[in-house]
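Let's take a friendly walk through a protein model together. Have the sequence and the 3D view ready, and follow along as we go.

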Amino acid sequence: MYQVPGVREYVADVLKVRARASILVDRVNRTSDLNQIAAEYGEIDQLWRVVSLQLENVRGLDRESQSLIARMNLADRKLGDLLQTGPQLKRTELLTQTSALSNALGILVEDIEIELSREPQKFELVRAGQEVEQRMIQVSNLIIDRQSYDVIKREYLAFRDSWNSFATRLRPYHNRILSRGIQRVVQQDRSIQELLWLPQDGANMQEIAHLTEALKRDVDEFYRRATLRLLISLPPANYIATSDEFYGTVENLIDTVNHNESTNNLITSFSYIEQSWKDFSAMFHTVESPAALQLLDKVDNSINTLRISLRIEQPSESIDLAKLIVALETQSTQLSVIAEQWLATESPSFRQSTQNSIRDFSNTAHELHRLILMQPASTALVRSKSSELFESWFQVHDKISRCETREKYQLQETAVRITQMLMDLRYATK
């Protein structure tokens, strides 16, 4: 998590899998009701299949992490066979995403009617778009009818074939509104691929080539409109060198795409654009010209769209420690409220020890908050108190993991949020 930016957003789901698996381990040790065990494992399987696929697609994971994911996948499949659960789809979320994709396609078809109103191919493209939309609606219907995973997957792959052909026909028009519509569909498609556990495609070279051309057009348009009067109004700087460097990085990416080079080379070429863009953007954002600033925003949007298509994760943002500690205090209060409902059914001795553990954790979080607000805050003291908070949480987690009443899942959800925050705290104070 400290070294690979893309990992951090999936830590909460990994923790959730771990929490649910720990609860099920206890249940397996206490009961022989396989139907109940299978039902609970089906929910774990749903979550793990998605998060494992997401992690496999994060660039930069070390071999040990990749090996652990592979071993967990193998264990997951074996348990599915033993419990005869089969692949468990997250049907509600899948239906939400397929409906959103159908809606995105509908908007795209409407945009085609407006944007290509004078094109002779308009009616044919509208009809083809409506056919693609109907294929997506059919996928949604299969989910509603609770068809098997294999049937849904087969129909979705057929939809993707028709969509890719349709998108290929639209891209040569170089229309910004249509391009935005295509990107909406592409983003939804990736979400559904994850939910259906489909291997993620590498960089789509047609899409990358189209987006790179769009970026170059935006940059060229800015240069055409950057008048001498505009340049004179800027503070003294080496405009030629900065502009030349940025334009060179764009042309380098175009060459990389045209030579059909590897995804790694594409990412390297794109990193040059990002580095150069920072200086270029900072220099020209000082101009007092709304039109020029609007063009710079178009270039920035094109760069961001390319980043998404190349699946490059942005570095994690800095963490506001004060806000994080306040959130931890709030969650500890929530935990205490839920735990009190559960503890009303427990023995007095266990109730008292659990309450003490939760109180110690809340007090430590409060002390850490006080340290953060001190000016200047002592890094050594903050790090020491953070470690103390972590140790205190282990005691609380051990207690609440014994809950078997209806509050079990509420406690589990709260515990996952607190653990994620503690991981962020460790990240921020490392």
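## Helices side by side

In this predicted model, helices α6 and α7 pack with their axes 12 Å apart, at an angle of about 160°. An angle over 145° counts as roughly antiparallel, so α6 is roughly antiparallel to α7. Their crossing is left-handed. On the α6 side, the contact is made by Y156, R160, W163, A167 and L170, and on the α7 side by I182, V185, V186, D189, I192 and Q193. Sorted by character, the residues of this contact are eight nonpolar, one polar and two charged.

Helix α7 has another partner to look at. Where α7 (residues 176-195) meets α12 (residues 290-309), the axes come within 12 Å and cross at roughly 30°. Angles under 35° count as roughly parallel, and α7 and α12 are therefore roughly parallel to each other. This crossing, too, is left-handed. From α7, the residues R176, Q183, Q187 and R190 take part, and they meet K298, S302, T305, I308 and S309 of α12. The residues of the contact of α7 with α12 divide into one nonpolar, five polar and three charged.

If you wonder what the angles and distances are for, here is the general idea: two packed helices are described by the angle between their axes and the distance between the axes.

## Loops on either side of α7

Now follow the chain into the loops. H174 lies in the loop between α6 (149-170) and α7, while W197 lies in the loop between α7 and α8 (205-225). What is the sign of phi at H174? Phi is positive there, about 50°, although H174 is not a glycine. W197 is also a residue other than glycine with a positive phi, near 55°. Such values catch the eye because most residues other than glycine have a negative phi.

Are these two residues buried or exposed, or somewhere in between? H174 has a relative accessibility of 34%, so it counts as partly exposed. W197 has a relative accessible area of 13% and is therefore buried.

## Two buried residues in helices

Next, visit N73, which sits in helix α3 (residues 63-83). With a relative accessible area of 12%, N73 is buried. Beyond its neighbours within four places in sequence, N73 is in contact with W48, S52 and E56. W48 is 25 residues away from N73 along the chain, and their C-alpha atoms are separated by 8.3 Å.

K408 belongs to helix α16 (residues 408-428). Which residues does K408 touch, not counting those up to four places away in sequence? They are I23, R27, E40 and C403. K408 has 7% relative accessibility, so this lysine counts as buried.

Here are the four residues of this tour in one place:

| Residue | Relative accessible area | Class |
|---|---|---|
| N73 | 12% | buried |
| K408 | 7% | buried |
| H174 | 34% | partly exposed |
| W197 | 13% | buried |

## How confident is the prediction?

The mean pLDDT of the protein chain is 86, and 93% of its residues reach 70 or more. Among the elements of the chain, helix α5 (residues 122-144) has the highest mean pLDDT, 95, and helix α9 (residues 228-232) the lowest, 59. Keep a general caution in mind: where pLDDT is low, the predicted coordinates should not be read in detail.

Terms used: Residues numbered from 1 in each chain as written. Predicted model: local features only at pLDDT ≥ 70, side-chain atom pairs only at ≥ 80, totals over all residues. Heavy atoms only, no water. Axes fitted to C-alpha atoms, helices over the stretch in contact; angles between N-to-C directions. Helix = DSSP H or I, 4+ residues; strand = E, 2+ residues; numbered from the N terminus. Parallel < 35°, antiparallel > 145°, perpendicular 65-115°, else oblique. Left-handed = near helix turned anticlockwise from the far one by under 90°. Contact = heavy atoms within 4.5 Å. Nonpolar A, V, L, I, M, F, W, Y, C, P; charged D, E, K, R; others polar. pLDDT = per-residue confidence, 0-100. Buried < 20%, exposed > 50% of the residue type's maximum accessible area, 1.4 Å probe, protein only.
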